[in-house]
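Trainee: I should like to understand the reasoning behind the terms used for a structure. May we go through some of them together?

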Amino acid sequence: MIKIENLHASINGKEILKGLNLTVNAGEVHAIMGPNGAGKSTLASVLAGREDYEITAGNVSFLDKDLLELSTEDRAREGLFLAFQYPVEIPGVSNVNFLRTALNEKRAYHGQDPISAKDFMALVREKSALVEIDPKLASRSVNEGFSGGEKKRNEIFQMAMLNPKLAVLDETDSGLDIDALRIVSQGVNALKSPENASIVITHYQRLLDYIIPDMVHVLYDGRIVKSGPKELALELEERGYDWIKESL
Amino acid sequence: METGTLNKLSLFVEDLNETALAPNALKDAAHEFLAGQDFPTTRSERFKYTRLAKLANAAFSAAQSVNEVQIAQSKILIDAYTIVINHDNIQIPKNLPSGIEVSLIAETQIPFNEAAFYDIFGALNILHASLGISIHIRQNITLDKPLQILQINSGGKTFYRHHFSFEKNSEVAVYFISKNTEGHSSFAHTHFQYNIAKDARVKIFKIQDTNVGHFDFNEDRAKQAERSHFEINTITLCGSFVRNDAQVIIQGEHAQTYLNGAYWLKEEQHVANYTTIDHRVANCESFETYKGVATDKATAVFNGKVFVRKDAQKTNAYQSNANVLLSENASINSKPELEIYADDVKCSHGSTTGQLDENALFYLRARGLSEAAAKNLLLQAFMEDVLAYVKNEEVLAYVHKRIAARFNWNY
C-alpha cells in the first residue's frame with residue numbers, strides 16, 4: 001500500500017523527520033505513537049502534501065506511484081485520506097456541497113461520471129448513520145461551530161464518504177470524550193477491509209483499546225525507533241517513552 | 001474658463017451642451033463650484049485612490065443607438081416592467097399598472113433636492129444632464145412585478161438624472177442595470193434622487209456590468225422618512241472604471257437603511273464605493289456590508305462614512321468592508337469612518353483585507369478538490385452574505401453566469 005523509505009523533511013530549515021522508514025500493506029492497521037515533538041503530525045502533513053514542509057531526502061511509494069510527486073488533491077484522488085488533528089472551520093461552505101464536489105472530482109480523475117443527486121443523498125444518509133452524525137450537521141457549514149467531538153466525527157464521516165485506500169488518522173482521539181471515542185472508532189473499524197489500510201497516529205494508548213492495530217511503531221526524534229505487536233502500546237502506556245530513549 | 005489655457009476639464013466639457021433641466025439657482029451654484037477647477041488629483045481626499053488621468057485623457061467614440069436585439073439581450077429579468085434608456089432615447093412600457101407613473105424628466109416638473117456638490121461630477125450633472133426618468137409610486141401601492149431599468153451606454157458622454165418618489169406605504173423592487181455596447185468608449189454619470197416617504201419599503205438593486213472602455217460614475221442621494229425601509233444593493237460584475245457614491249439622509253424615526261455592495265475585479269479594473277449614512281433622528285438602524293474580490297492589478301476603494309447626529313439617540317449602525325486579494329498586484333483601500341455626536345448609540349465598523357485562508361484551501365485540497373475548485377468554494381462562501389440580499393432567481397443566475405464566464409469560477 002505505502003512504503004516510506006529514509007524520509008527526511010524539514011520546516012523553516014529545521015529537520016523534523018530524519019530518515020523515517022515504514023511499510024504498510026493492504027488490510028493492515030498500523031499505530032504510530034511517540035512523545036510530543038517526535039514528528040508524528042509532520043509525518044501526517046508530509047504524506048498529505050502540505051507545502052510548508054521541504055522534503056530533503058527519501059522516497060514514498062503509494063500504490064506503486066511516487067507519492068511525493070503528486071499534488072495534494074491527486075494524493076486524495078488516488079485514495080489517501082488525512083483525518084486532521086485540527087479540522088478547519090470553513091464558514092459558508094456546506095459540508096454536503098463540498099463533499100459532492102470532492103467526490104465528483106475524484107470520480108472525474110478516475111474517468112467516472114458524476115454521482116447522481118439521489119445516489120449522493122443515499123450515501124450521505126448511510127454514512128452519517130455510521131458515525132452517528134446528525135444528517136442536519138452534514139448540511140451545515142464545514143465544521144463551523146462544531147464541538148471538538150463533532151469535528152472528529154465529521155472527519156470520519158468524510159472518510160466514509162470518500163472511501164479511501166489509506167487513511168491517516170492524526171491524533172483523532174485528542175479532545176474526545178469516551179462516547180465520541182467509541183463512535184469514531186466504530187466508524188474506523190466498520191470501514192476496515194482487506195483492500196484498505198490505516199495509519200493511526202496517537203499520543204495515548206486508549207484509542208488502541210478500540211482500534212486494534214496490527215503493528216505499533218514508536219516515532220522518536222524523526223525516526224521509527226521501535227516496532228512491535230499491539231502489546232507494545234500497552235508497554236508504552238505503562239512505562240512511558242524514557243526506556244526507549246535510554247535504549248537508543 | 002474665462003482666462004488662461006484650457007485645462008483638461010474644459011476640454012472634457014467642451015462638446016457638452018448645457019441643458020435646461022435644473023433651476024437657474026442650482027446651475028449658478030454649479031458654475032460657481034466649477035469655476036477654475038480641473039479634474040481632481042489624488043491629492044484631493046475624495047480621489048485619493050482614484051486616478052482620473054485615464055478619464056481626462058480618454059477619447060470617446062460617437063454615441064450610437066442600440067437596436068432591439070441588443071436591448072432584448074441586455075435584459076436580465078423577463079417578468080418585469082422594463083424601462084430602456086439609451087443614448088437619446090427612453091422606452092417606457094405602456095402596460096404599467098395604476099399607481100406608478102413614469103415620465104421623462106425633460107417633460108416633468110421635478111423637485112431638485114438642495115445642492116450639495118461633493119465633487120465636480122455632481123456639479124457637471126446639474127449643468128449637463130440631458131436624459132432621465134421620473135418615477136412616482138403612489139401611496140399604498142405594492143408593485144406586482146419588479147421594475148427593471150436598463151441603461152445601455154453606446155459611446156459618447158452622457159449625464160443622466162433619475163428621480164424616484166416613493167409615497168407612503170408603497171413597496172417596490174427596482175433593478176437598475178447598467179451595460180455598455182462593446183467597441184465603444186463612453187462616459188456616463190448618473191444621478192439618482194430618491195425620496196422615500198414614511199412606511200415605504202424600497203429595494204434598489206444595481207447590476208453594474210460594463211466592459212472595458214466605459215466609465216461608470218454614479219451618485220445616489222436618498223432621503224428617508226419615518227418607518228421606511230430602504231436598500232441599495234450594488235453588484236459590480238464588471239467595469240473598467242466604476243465609481244459609486246451613495247448618500248442616505250435619515251430624517252424620520254424607526255427607519256431602516258441597508259447599503260450593500262459586492263464586487264469582483266480583475267485586470268486593471270477600478271471600482272470605488274463611497275457611502276454616507278446620515279443619522280439625523282433617533283431610533284434608526286443602518287447596516288452596511290461591502291465585500292469584494294480582486295485579482296491581477298485591479299484596485300478597489302471603500303470609503304464609508306456614518307454620521308450619528310446629536311439628536312440621533314438609540315441609533316444602531318453597523319458597517320463592514322471585507323476583501324480578498326488574489327494577487328500581489330491587486331490592492332484595496334478601505335476607510336471606514338464613524339462620526340458620533342450622540343451618547344446612547346450602538347455603532348460598529350470593521351474592515352478586513354486578506355488572502356484566502358491557506359488552511360482552508362489545504363483542507364479542501366486534501367479531500368480531492370483542485371486548487372481552482374477549492375478557491376471557488378471559498379470565494380463563493382465569502383460573498384454569500386452580500387448576495388443573500390438578492391432574492392430574485394433570474395438575477396442570481398445572471399450573477400453566477402457572469403462570474404463563471406469572467407473568472408472561470410463555477411458557483
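**Reasoning from the definitions**

Mentor: Please keep in mind that this is a predicted model. The lining of the largest cavity has six nonpolar, three polar and two charged residues.

Trainee: What makes A:Lys165 and A:Lys192 part of the lining of the largest cavity?

Mentor: Lining residues have an atom within 4 Å of a cavity point. A:Lys165 and A:Lys192 are listed in the lining, as are A:Met159 and A:Leu191, among others. The space in this cavity is about 80 Å³, and the whole structure holds seven cavities of 30 Å³ or more.

Trainee: How do you know that B:Cys284 forms no bond with B:Cys347?

Mentor: A disulfide needs two cysteine sulfur atoms within 2.5 Å. The closest cysteine sulfur to that of B:Cys284 is in B:Cys347, 12 Å away, and is therefore too far for a bond. The search over all chains finds zero disulfides.

Trainee: Why is B:Cys284 called buried?

Mentor: Buried means under 20% relative accessible area. B:Cys284 has 1% relative accessibility, so the term buried applies.

Trainee: Is B:Cys347 buried or partly exposed?

Mentor: The range for partly exposed lies between under 20% and over 50%. B:Cys347, at 25% relative accessibility, therefore counts as partly exposed.

Trainee: What makes S3 and S10 of chain A a pair?

Mentor: Two strands pair if there are at least two bridges between them. Strands S3 and S10 of chain A are joined by five bridges, so they pair, and they run parallel. In this pairing, A:His30 stands opposite A:Ile199 of S10(A).

Notes. Residues are numbered from 1 along each chain as its sequence is written. Chains are lettered from A and ligands numbered from 1 in the order in which they are written. This is a predicted model: local features need pLDDT of at least 70, side-chain atom pairs count only at pLDDT 80 or more; totals for chains, interfaces and linings use all residues. Side-chain values use heavy atoms; hydrogens and water are left out. On a 1 Å grid over the protein atoms alone, a cavity is a set of points where a 1.4 Å probe fits but cannot get out, and a pocket is an open set with protein on both sides within 12 Å along at least five of seven lines; lining residues have an atom within 4 Å of a point. Grid points are joined across faces, edges and corners, and a volume is the space filled by probe spheres set on the points. Ala, Val, Leu, Ile, Met, Phe, Trp, Tyr, Cys and Pro count as nonpolar, Asp, Glu, Lys and Arg as charged, and the others, Gly among them, as polar. Buried means under 20% relative accessible area, exposed over 50%, partly exposed in between (1.4 Å probe, protein chains only). Helices (H or I, at least four residues) and strands (E, at least two) are DSSP runs, numbered from the N terminus.
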